[in-house]
Amino acid sequence: MQEIRGIFLQFEKTRQKTLEICRPLETEDFGVQTCPDVSPPKWHLGHTAWFFEKFILSKFLPAYKTFHPKFDFLFNSYYQTFGKRLDRDTRFLASRPTVKEVLTYRDYVDLHMRKLVDLSSFNVLQKTELAALMTLGIQHEQQHQELLLMDILSIFAQNPFQPVYELFLGAPTAPPGPEKWLFVAAGEYGIGCEGSGFCYDNEQPSHRQILRAFSLSDRLVTNGEYSEFMEDGGYQKHEFWFADGWDWTRQHDIAQPLYWQKENNDWQEMSLSGAHRLQLHEPVRHISYYEASAYANWKKARLLTEFEREVAQLSGLALHGAGALWEWTQSAYAAYPGYAAAPGAIGEYNGKFMCNQMVLRGGCFASATDHVRPTYRNFYYPHQRWMFSGIRLARNEN
């Protein structure tokens, strides 16, 4: 059980980190849902406890008694295997359980996870499965830690007081130097995760991809550079946009990045550090795939494919800003050759979302440092932009 105990130490650390993320919040903040993409912080706390209860405790701990029979309905996210659940866009309606009760639920789950780890009656197969599920649960909670910060920003941005969450979280680095273009030679490259370390099933199987020669920018697009696109009428020129993206800008009156607003003819930006004057040298963030692609077209460049982005990172190139923001790629989120989803509820984790979404690579400042890796595939719908997303440009080389 030594391996299980080691994983449990990481479990405890991860669970504590989630509570630390929520510590700056007031009780009133925990139940707010600003749009269907956003979940109330209270729901994140309940769901991440439910994940360990449903996938591990109910299966491995003898005579385990679930904390509350209605929590299956309240805190199931999208697992059809487990039956009916609260619709995502109505999570704010659940004023009960209270925040205090949800925290008690987390303590209850943590206590029983500790009891489970203290058992010594597992056979080899059970230990292997338990270790894999505990690791998945930790990685899942780390995903929700990032989602929590995304959702907290949305909640605070909608509040007329525009509160400060943490003054220095995601603080900018020094102004970038002149843009450099980094060359990557044509060739056949290995893509995907292999080896013994953790990765999600959507990063496998590893396979080979033939790439043409290309160059990529050594840094992310800045607010100042994106402002030039806006000043040149980028949001009013259909020729830069996908048809769906153009319709999206018209239908939703989109003319600037999310969380930008004009104050006395100056652009202000809302971040986790509060509302402040737009810093032109910072990477532009909260950009949709539609906007990223339109900007690339305006610059007579393009977005990277996800395979190019992976190869560039593994090649050891000096990618300034890597890990600061998720970087949109032009790759549709799809299965790798030979992919097969796992049976049962675990198979719903990634595979069923491989439709109509785009891949982002690289991680962001809100990602847990031990969570992302060069093969990590994040994915969102083309119109979404409340995540910490940015732009890195590429161009073809003949």
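This is a dialogue about reading helix packing, salt bridges, backbone geometry and a surface patch in a predicted model.

Colleague: Let me begin with helix α8: where does it lie in the sequence, and how many of its residues are buried?

Modeller: A residue is called buried when its relative accessible area is under 20%. Helix α8 spans residues 289–298, and 9 of its 10 residues are buried, so that the helix is mostly covered. The buried positions are Y289, Y290, E291, A292, S293, A294, Y295, A296 and W298.

Colleague: Which elements do the buried residues of α8 pack against?

Modeller: They pack against two helices listed before it, α6 (223–231) and α7 (243–252), and against the strands β8 (302–303), β9 (326–332), β10 (358–361) and β13 (393–396).

Colleague: If I take S293 as a single example within helix α8, why does it count as buried?

Modeller: S293 counts as buried because its relative accessibility is 8%. When its neighbours within four places in sequence are left aside, S293 is in contact with F240, F242 and L303.

Colleague: On either side of this helix I would like to read the backbone; which residue that follows α8 has a positive phi?

Modeller: That residue is K300, with a phi near 55°, and K300 is not a glycine. It is placed in the loop between α8 and β8, where K300 is exposed, with a relative accessible area of 77%.

Colleague: And what is the phi of H286, in the loop between β7 (274–277) and α8?

Modeller: H286 also has a positive phi, of about 60°, although it is not a glycine. As for its surroundings, H286 is buried, with a relative accessible area of 0%, whereas K300 is exposed.

Colleague: Turning to charged side chains, what is the general idea, and how many salt bridges are counted here?

Modeller: Side chains of opposite charge can pair when their charged atoms come close. In this model the count comes to 21 salt bridges. One of them joins the side chains of E203 and R373, with an N to O distance of 2.7 Å. E203 lies in the loop between β2 (187–191) and β3 (207–211), while R373 lies in the loop between β10 and β11 (378–380), so the pair ties together parts that are 170 residues apart in sequence.

Colleague: Are E203 and R373 buried or exposed?

Modeller: Both E203 and R373 are buried.

Colleague: Strand β10 also holds R361; which side chain of helix α9 meets R361 at 2.7 Å?

Modeller: The partner is E306, and the two side chains form a salt bridge at 2.7 Å, N to O. Because E306 lies in helix α9 (residues 306–314) and R361 in strand β10, this pair ties together parts that are 55 residues apart in sequence. E306 is buried, with a relative accessible area of 1%, and R361 is buried with a relative accessible area of 1% as well.

Colleague: What is the N to O distance in the salt bridge between R361 and E310?

Modeller: The side chains of R361 and E310 meet at 2.9 Å, N to O. This pair links distant parts of the chain, with R361 in strand β10 and E310 in helix α9, 51 residues apart. E310, too, is buried, with a relative accessible area of 1%. Elsewhere, salt bridges that share partners join R15, R106, D110 and E141 into one network.

Colleague: Which peptide bonds should I inspect for a cis geometry?

Modeller: Omega is the angle to read in these cases. The bond from R96 to P97 is cis, with omega near 5°, and P97 is found in the loop between α3 (71–75) and α4 (99–118). The bond from Q204 to P205 is also cis, with omega near -10°, and P205 is found in the loop between β2 and β3, the loop in which E203 also lies.

Colleague: Finally, which residues make the nonpolar surface patch of about 330 Å²?

Modeller: The patch is made by V164, L167 and F168. Of these residues, F168 is found in the loop between α5 (124–158) and β1 (181–184). F168 is exposed, with a relative accessible area of 62%, which is over the 50% cut-off that the word exposed requires.

Conventions:
Residues numbered from 1 in each chain as written. Predicted model: local features only at pLDDT ≥ 70, side-chain atom pairs only at ≥ 80, totals over all residues. Heavy atoms only, no water. Buried < 20%, exposed > 50% of the residue type's maximum accessible area, 1.4 Å probe, protein only. Helix = DSSP H or I, 4+ residues; strand = E, 2+ residues; numbered from the N terminus. Contact = heavy atoms within 4.5 Å. Patch = residues over 30% accessible without salt bridge, like charges linked within 9 Å, V, L, I, M, F, W, Y side chains within 5 Å. Areas by Shrake-Rupley, 256 points an atom, 1.4 Å probe, with all protein chains shown as cover. Salt bridge = Lys/Arg side-chain N within 4 Å of Asp/Glu carboxyl O.
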